[in-house]
Each structure stands twice: as C-alpha cells, then as structure tokens.
Amino acid sequence: MWTDTRPAAELPKLFERGGDVISLSGGLPDLDVLPLDAISTQLSRLVRLGGKLALQYTTPHVAKALVPAVADLMAREDGHADGDNLIPTSGSQMGLTAVALALGAPGETILVQTPAYPGATAAFRTAGLELHGAAEDENGLDPEQLRTTVRELRSAGATVRMLYVNPTFQNPTGATLSVPRRAEILTACRELDLLLIEDNPYGLLGFDGATTTLFQALDPQQVVYLGTFSKIFAPGLRSGWIAAPQHLRHDLARVAEIISLSPSALAQGALAAFYSRSGWTDLIDRYRDSYRERCTLMADALDAELGADTPWTWQRPDGGFYLWLRHRDRADAGRYAQAAAAHGVSVVPGGHFSVAGEHADGLRLCFSNVPRKKIAEGIGRLAAALTEPAPQERELTAVAG
Ligand code: PMP
C-alpha cells in the first residue's frame with residue numbers, strides 16, 4: 001500500500017480488553033444511558049412497516065425526516081443545517097476521508113491542530129496529504145503563527161488549502177477554543193484562503209450544558225463541518241453528516257457516494273424515528289450527567305493518588321471524554337504507558353496524537369466508558385506506574401541499596 005496508515009494500524013492494540021485490565025484507552029460512549037426498549041420498538045416498527053425502503057439502497061442525501069434532527073443539533077451551537085448543505089456520512093471518520101479525497105490532492109499540505117485525533121491524521125495520510133502541525137499559544141491555535149506558517153510553507157513551494165480543527169472538548173486534550181479566538185482564526189483563514197475543517201463530535205457534551213458557537217456558525221462559507229451521531233446517540237449506527245459551503249457540496253457529495261454508494265436508510269430512519277418521538281435533550285442530558293460524574297471521579301482520584309508534588313500536570317475538562325496528562329519535564333510518556341499496562345491499566349501515549357513526533361510527553365485517559373466502581377482502582381494502578389522510578393533510576397537504586 002502506498003499510503004501511510006501507521007497510527008490507525010497500531011491503535012487497535014490499545015483498545016484490546018480482557019483479563020483484569022482496566023481500559024482508560026478507548027473513546028467509547030456510555031451506552032447504559034440509551035433507552036434500548038424504545039429504540040428496539042422503533043426499529044422493529046421501521047422494519048415491519050417500511051422495511052423494503054429501510055433495507056434498500058437509498059439516494060445519497062440526508063433523509064428528509066432526519067434533516068430537522070440534524071438542524072436541531074447544530075442550532076444548539078448556533079450552526080446551520082438544511083436540506084441543501086448536508087451530505088450523509090457513516091460517521092465523521094468517513095467525513096474526514098471524504099474531505100481529504102474531495103478537497104485535497106496527494107502531495108498537498110494540510111495544517112492540523114495538534115495533538116490530533118489519530119483517525120484524522122490517518123485519513124489525511126491515506127489520501128496522500130502531507131501533515132503540518134499548527135502552532136499554539138496559551139489560548140490554543142494561534143492565528144498569527146498560522147499566517148507565518150502558511151506563508152513559509154507556500155514560499156517553500158507547498159500547496160496549503162486546509163486547516164483541521166477539533167475545537168470543542170478536543171480529543172485528546174479536552175480543550176475548547178474560545179469564540180473570540182475562533183473569529184480571529186477565521187479572519188486568518190479568509191486572508192490565507194484556507195478552508196477550515198471543523199470536526200465536532202463532543203460539542204454538546206459540556207458537563208454543565210454550556211455550548212460554544214461553531215466555526216460553521218461564524219462563517220458557513222469558509223468551513224466544512226463534520227457532525228456525527230456517534231457520541232450523542234450511538235456509534236453502532238455509523239451515521240453522521242457533513243455541512244458544506246454551497247460551492248463544495250457537489251464535490252463532497254460525489255466522493256461520499258464513491259466511498260459508500262448510499263447512506264444506511266435503516267440507520268437514518270432509526271435516528272429520525274427516535275428524534276420525532278423523544279427529541280435530543282433528554283438523551284444528551286443523560287450522557288452529560290454520566291460523563292460529568294465519571295470525570296469528577298477520575299480527576300478526584302488523580303488528585304488523591306498523585307498529590308501536589310507530581311511531575312504530571314492536567315486540567316479538569318468541562319466536557320467530552322478525555323483527560324490529558326503531561327509530564328512537566330517532557331519525559332517520554334510511552335514508557336509510562338507500558339508500565340501502566342504492566343500494572344493492569346491501559347492509557348494512550350501522547351505520541352499517537354502527534355504529526356511529527358511531538359506530544360510524546362502526554363497520556364490520554366478516557367473516562368467515558370469506565371465502570372464507576374473501577375475508576376479509583378484504575379487511577380490507583382496508573383499512579384503506581386507513573387510514580388515508579390525510570391528504569392535507569394531503578395538500577396541506580398538497586399546498586400546503591
Ligand atoms: N473525530 C474525532 C475527534 C473523534 O474523536 C472521533 C471518534 N473518536 C471521530 C472523529 C470519528 O467518529 P465517528 O466516525 O464515529 O463519527
């Protein structure tokens with residue numbers, strides 16, 4: 001294979017479960033909150049009354065009945081969706097691939113907010129794009145440095161047309177870009193003729209219900225928005241959407257059709273049926289409650305286990321799935337992840353989220369799917385690994401002692 005799928009190929013090992021291992025690695029939603037009986041009734045009704053349509057190929061559109069459900073979700077973050085700007089996907093992973101194939105060309109450079117979701121970097125590499133990390137300051141992605149970077153890359157002969165961002169409760173840091181910063185980034189994008197790719201699976205999962213205005217809301221013509229039902233409903237339906245500027249809609253729709261031929265009418269029907277009966281608010285509130293509780297348990301356990309005198313720093317997130325630990329002295333966290341595995345807990349080392357070897361001092365902890373009663377034990381095991389002396393220090397201690 002000529003393309004580079006390195007990060008995606010390595011990730012499954014980290015998601016392996018089994019034995020006594022407590023997994024803090026996989027970014028899985030907590031499906032305990034799903035009303036399975038209601039969904040089962042709706043699915044069975046859908047198949048019984050409309051099975052020959054729901055199980056048939058369908059046209060490459062977001063189904064009419066589902067458009068209000070998507071519009072409702074996007075409006076919660078001031079975004080806009082209607083029948084004209086939507087393209088169906090099998091989730092944002094497909095959205096990322098479609099964007100890279102439709103709007104980029106092999107050899108072109110895409111700027112990436114880092115640390116970055118490895119599925120995004122793998123999708124871009126697989127489409128033949130070169131990746132370049134976008135610089136940050138203390139408020140996140142830095143528009144001034146963006147200008148400098150793009151000018152430098154272009155004067156060195158690179159074609160740079162896109163900037164990828166996961167702006168709210170970012171995977172893996174949990175960080176959110178402020179609205180004023182978003183506006184500044186968009187101003188830079190317009191000046192530089194850069195299309196902004198906004199990947200937003202977690203935006204409605206703020207623990208206190210607060211939302212942040214989408215890039216797409218601030219400038220719909222400069223932004224390709226990737227939405228998904230994976231984190232506010234369930235990933236198993238493999239359903240999402242792209243909200244695209246008018247002039248890109250056709251190219252994106254064509255590539256989406258090439259990738260999947262047709263969206264799943266069954267999945268779209270199930271989502272539309274759920275929305276028309278229950279709306280989103282109740283389910284999203286239940287997800288938020290679950291993640292707020294789990295995040296608090298995990299952050300409290302980290303405080304208690306690591307104490308104040310620790311080289312590991314982190315911030316309590318306000319939403320999403322993840323806690324991001326960094327080593328103050330920039331130590332390579334990979335060996336701590338291995339030590340953690342030996343102690344029976346899995347976490348993802350920061351190098352997986354890098355574009356060019358950066359972030360090796362990070363560890364991603366996912367709280368969204370850990371059973372509540374296992375969180376303290378998992379963090380206890382992790383703390384034992386994080387406070388273990390480095391191998392060479394262990395040898396010195398052994399010689400000295
Ligand atoms: N983008 C980000 C930032 C993600 O974290 C994920 C899933 N973990 C995806 C995209 C892909 O999600 P899906 O294909 O299920 O919509």
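## A tour of helix pairs, domains and loops

Begin by selecting helix H6 (residues 143-155) together with helix H7 (residues 179-192), whose axes come within 9 Å and cross at roughly 25 degrees. Here axes are lines fitted to C-alpha atoms, for helices over the stretch in contact, and angles run from 0 to 180 degrees between N-to-C directions. Helices (H or I, at least four residues) and strands (E, at least two) are DSSP runs, numbered from the N terminus. H6 and H7 are therefore roughly parallel to each other, given that angles under 35 degrees count as roughly parallel, over 145 as roughly antiparallel, 65 to 115 as roughly perpendicular and the rest as oblique.

Before going on, note that this is a predicted model, in which local features need pLDDT of at least 70 and side-chain atom pairs count only at pLDDT 80 or more, while totals for chains, interfaces and linings use all residues. Residues are numbered from 1 along each chain as its sequence is written, and side-chain values use heavy atoms, with hydrogens and water left out.

Staying with this pair, H6 passes H7 in a right-handed crossing; a crossing is right-handed if the near helix is turned clockwise from the far one by less than a right angle, and left-handed if anticlockwise. To see the contact (heavy atoms within 4.5 Å), show Pro143, Leu146, Arg147, Val150, Arg151 and Arg154 on H6, and Arg181, Glu184, Ile185, Thr187, Ala188, Glu191 and Leu192 on H7. By class, these residues of H6 and H7 comprise 6 nonpolar, 1 polar and 6 charged, where Ala, Val, Leu, Ile, Met, Phe, Trp, Tyr, Cys and Pro count as nonpolar, Asp, Glu, Lys and Arg as charged, and the others, Gly among them, as polar.

Next, select the loop between strand S7 (160-165) and H7, where Pro172 is found. The peptide bond that joins Asn171 and Pro172 is cis, with omega at about 20 degrees. Phe169 lies in the loop between S7 and H7 as well, and Phe169 has a positive phi of about 50 degrees although it is not a glycine.

Move now to helix H4 (residues 92-103) and helix H5 (residues 118-126), which pack at an angle of about 30 degrees with their axes 9 Å apart. That makes H4 roughly parallel to H5, and the crossing of H4 and H5 is right-handed. On H4, display Gln93, Leu96, Thr97 and Ala100, which meet Gly119, Ala120, Ala123 and Phe124 of H5. The contact of H4 with H5 divides into 5 nonpolar, 3 polar and no charged residues. In the loop between strand S3 (109-113) and H5, select Pro115, which a cis peptide bond with omega of about -5 degrees joins to Thr114.

The third pair is helix H2 (residues 36-54) with helix H10 (residues 265-278), their axes coming within 10 Å and crossing at roughly 130 degrees. H2 and H10 are therefore oblique to each other, and H2 passes H10 in a right-handed crossing. Among the residues to label are Ile39, Leu43 and Leu46 in H2, and Ala270, Ala273 and Phe274 in H10. The contact of H2 with H10 has 11 nonpolar, 2 polar and 2 charged residues.

Finally, colour the chain by domain: domain 1 is 22-32 + 282-389 and domain 2 is 36-279, with bounds that come from an automatic or database domain assignment. Their C-alpha centres lie 26 Å apart, and the contact takes 26 residues from domain 1 and 32 residues from domain 2. The area buried between the two domains (the accessible area, 1.4 Å probe, that two parts lose on being put together, summed over both) is about 2400 Å², of which carbon and sulfur atoms give 65%. To finish, select Ile284, Arg288 and Val355, which supply 26% of the area that domain 1 buries against domain 2, more than any other three residues.
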